[in-house]
Amino acid sequence: MKKEDKSAIIEQIKAELGQYQHFYLTNIEGLDAQKTSDLRRACFNKDIKLMVVKNTLLAKALKDLDKDAQLTDCLKGNTALMLCNTGNAPAKLIKEFIEKDKKNKDAKPILKAAYVEETVYVGREQLDFLATIKSKNELIADLVALLQSPAKNVVSALQSGGNTIHGVLETLGKREA
């Protein structure tokens, strides 16, 4: 491959990495055509971009973006890049695929590393943790629910108090008659 071609691919990888907030490095080597197609379809349905890249070109792109500290050590063997804007989506997808093939101890895809919320996670043992990380939108929804909770309690108490007073007044009105 010519140097110009390599430079163009590196720039393309950098552009893709720049468009997404999170990315996962996985190993999908050995998946048959049907499973690879299923993985690509599942990625598409969950707004995850899947790219198979050369390790040397990805390493250069990561170095140019200053994200290469621990990630370049993981660039051995076959590497597929999963890009997304929701930090836990690829981890959940990987877990789903592994659970479908419980019999196989080395079920694919295998998590090599992940860059989520500006933090690097290395190793397949991080998969469960990554799957439970809440996305930014989920955290905002939880915060809004927490903030609304006291207001809802006050409104509920006022409404139940009003119903109680109304009941007492109605009972007193019936007694005098």
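**Exercise 1. Work out how helix 1 and helix 3 are oriented to each other in this predicted model.**

Solution. The answer to aim for is that helix 1 and helix 3 are oblique to each other. Let's see how to get there.

- Step 1: Two packed helices are described by the angle between their axes and the distance between the axes.
- Step 2: The axes of helix 1 and helix 3 (residues 55-64) cross at roughly 55° and come within 9 Å.
- Step 3: Angles under 35 degrees count as roughly parallel and 65 to 115 as roughly perpendicular, so an angle between these ranges is oblique.
- Step 4: For the handedness, look at how helix 1 passes helix 3: the crossing is right-handed.

**Exercise 2. Find which residues make the contact of helix 1 with helix 3.**

Solution. Take one helix at a time.

- Step 1: Helix 1 contributes Lys6, Ile9, Ile10, Ile13, Lys14 and Leu17.
- Step 2: From helix 3 come Leu57, Leu58, Lys60, Ala61, Leu62 and Asp64.
- Step 3: Sorting the residues of this contact gives eight nonpolar, four charged and no polar.

**Exercise 3. Lay out the sheet and place helix 1 on it.**

Solution. Start with the strand order.

- Step 1: The open sheet has five strands in the order 2-3-1-4-5, and their pairing is antiparallel.
- Step 2: Strand 2 (49-53) and strand 5 (119-122) are at the edges with a single partner strand each, so one side of each has no neighbour in the sheet.
- Step 3: On average, neighbouring strands are turned by 20° against each other, direction ignored.
- Step 4: Helix 1 (residues 3-19) packs on this sheet and touches strand 1, strand 2 and strand 3 (79-84). The direction of helix 1 makes about 150° with that of strand 2.

Note on methods
Residues numbered from 1 in each chain as written. Predicted model: local features only at pLDDT ≥ 70, side-chain atom pairs only at ≥ 80, totals over all residues. Heavy atoms only, no water. Pairing = 2+ DSSP bridges. Helix = DSSP H or I, 4+ residues; strand = E, 2+ residues; numbered from the N terminus. Axes fitted to C-alpha atoms, helices over the stretch in contact; angles between N-to-C directions. Contact = heavy atoms within 4.5 Å. Parallel < 35°, antiparallel > 145°, perpendicular 65-115°, else oblique. Left-handed = near helix turned anticlockwise from the far one by under 90°. Nonpolar A, V, L, I, M, F, W, Y, C, P; charged D, E, K, R; others polar.
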